[in-house]
Amino acid sequence: MNRRPALSVPLALSLVLAGTAGPSCQTYNDRVRAPVRAFENGNFERAEALFADGSVHSPFLESAEAGMSAMVGGNFEAALEHLHRAEAAARDAEDRAVLGGEALVESLLTLAINESQATYEGEGYERVMLHAALGLCYLTRGNPDSVLVEARRVDELLTSEERLYETEYRAGGIGHLLSALAYELMGQPGEAYIDYVRMHDKGLGGELVRSALVRLARRLGRSEDLDRWLAEFGAGESPPPDWPSVMLVAGVGMGPAKREIRIDVPVKGGVFSWAVPQFDEGSSPTASLDLVFNGGDARIRASTVEDVAVVAARNLEDRIAWLAVRSAARGLLKREIADNLKKNDDTEWIGYAADIFTIATERADLRAWRTLPQRWVAARAFVPPGEAFDAGPWPTIWVPS
């Protein structure tokens, strides 16, 4: 019987090191540099194609990135296809989130050689944003029932993240706004009013929410609420009930990217490596966005309904303890492997190679949904029936008052 010869320790270690020097060593930011640049330059079709070509090496991210590129480019049918593929890639994580904290904690404790080699199912905030993006697509297609399905999923997933980390993000404004608009499209102002109240309680939506609360409290005959809002906000806008409105919902800037924080600590006989990710603040070419109409004579400043960069940073901060524990555990395991190699082979280069292996394989996971906006903003203008309205290059969503 022929036996396959066993690999020598030096050869086995060389193969492992060769593997760590391959494509997997490229960070996510390296892999998406070209499509992100195309997206930033407004070439959304090219960005969509580059993200979807398989080079991203993550079913969730390639579909989410391609979907956002298609959505911003106005191809909502393609966006829905991509985003639903991202939803399928994240389904297990979403199911664990809805089931409760124990299932999520189990996944947070899973070890790999490094974080980037584990299947990426999206950060908690990214799965929330995925359903917000789906809701926006359905809103442009005039499908309020589907908008409500996505808005409820936004709320479910956000609630599960807050429960897991025992915190309150004061987020979910984009989901509440989508829900409110869907209810208004369906002629249910009372349900919409509840969503606007929730946005107000979270400190989201600014003038958009304030005017909606006054308008709907007056329309619904909620005199006590109306007195409260008038005292808090002033008289505000009071359009006639037959005036339609136009909504602008826009993503401003580019969302945050991750960078690595690492520490390589010399210890007796070698090196101990520890690495975790950290978000930057994202980037934005403008501090505000206005809805301009009536030939430029009227202008409404868009209000922030979701600060994606802030929520992303807080969500990662809540996870960082788990990531640090996993990194430390991997560091100890690799240190033990290196020590055993040195005991079994006193060749000097084995010690150096073992340390290189420890350093090279401990990398922070820099994968993140890069085409998310830095923040979501919205503005609403009421116009007389029959009046021309120049909505610019964006899709126009007419909502009954």
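Three short exercises on this predicted model follow, each with a worked solution.

**Exercise 1. Find where glutamate 87 sits, and say which side chain of opposite charge is nearest.**

Solution.
- Start with the helix. Glutamate 87 lies in helix H6, residues 76-89.
- Check burial. Glutamate 87 is buried, yet has no salt bridge.
- Look for a partner. The nearest side chain of opposite charge is arginine 91, 4.6 Å away.
- Apply the cut-off. A salt bridge needs the nitrogen and oxygen within 4 Å.
- List the contacts. Leaving out residues up to four places away in sequence, glutamate 87 touches Leu130, His131 and Leu134.

**Exercise 2. Describe how helices H5 and H9 cross, and which residues meet.**

Solution.
- Take the axes. Those of H5 (residues 59-72) and H9 (residues 124-140) come within 11 Å and cross at roughly 35°.
- Add the hand. The crossing is left-handed.
- Name the residues. From H5 come Phe60, Met68 and Met71; from H9 come Glu126, Leu130, Ala133, Leu136 and Cys137.
- Sort them by class. The contact has seven nonpolar residues, one charged and no polar.

**Exercise 3. Compare the burial of residues in two salt bridges, aspartate 30 with arginine 33 and arginine 367 with aspartate 365.**

Solution.
- Take the distances. Aspartate 30 and arginine 33 meet at 3.1 Å, N to O. For arginine 367 and aspartate 365, the closest N and O atoms are 2.9 Å apart.
- Judge the first pair. Aspartate 30 has 30% relative accessibility, so it counts as partly exposed. Arginine 33 has 44%, so it also counts as partly exposed.
- Judge the second pair. Arginine 367, at 5%, counts as buried. Aspartate 365, at 10%, counts as buried too.

Conventions
Residues are numbered from 1 along each chain as its sequence is written. This is a predicted model: local features need pLDDT of at least 70, side-chain atom pairs count only at pLDDT 80 or more; totals for chains, interfaces and linings use all residues. Side-chain values use heavy atoms; hydrogens and water are left out. Helices (H or I, at least four residues) and strands (E, at least two) are DSSP runs, numbered from the N terminus. Buried means under 20% relative accessible area, exposed over 50%, partly exposed in between (1.4 Å probe, protein chains only). Lys and Arg count as positive and Asp and Glu as negative; His and the chain ends are not counted. Contact means heavy atoms within 4.5 Å. Axes are lines fitted to C-alpha atoms, for helices over the stretch in contact, and angles run from 0 to 180 degrees between N-to-C directions. A crossing is left-handed if the near helix is turned anticlockwise from the far one by less than a right angle, and right-handed if clockwise. Ala, Val, Leu, Ile, Met, Phe, Trp, Tyr, Cys and Pro count as nonpolar, Asp, Glu, Lys and Arg as charged, and the others, Gly among them, as polar.
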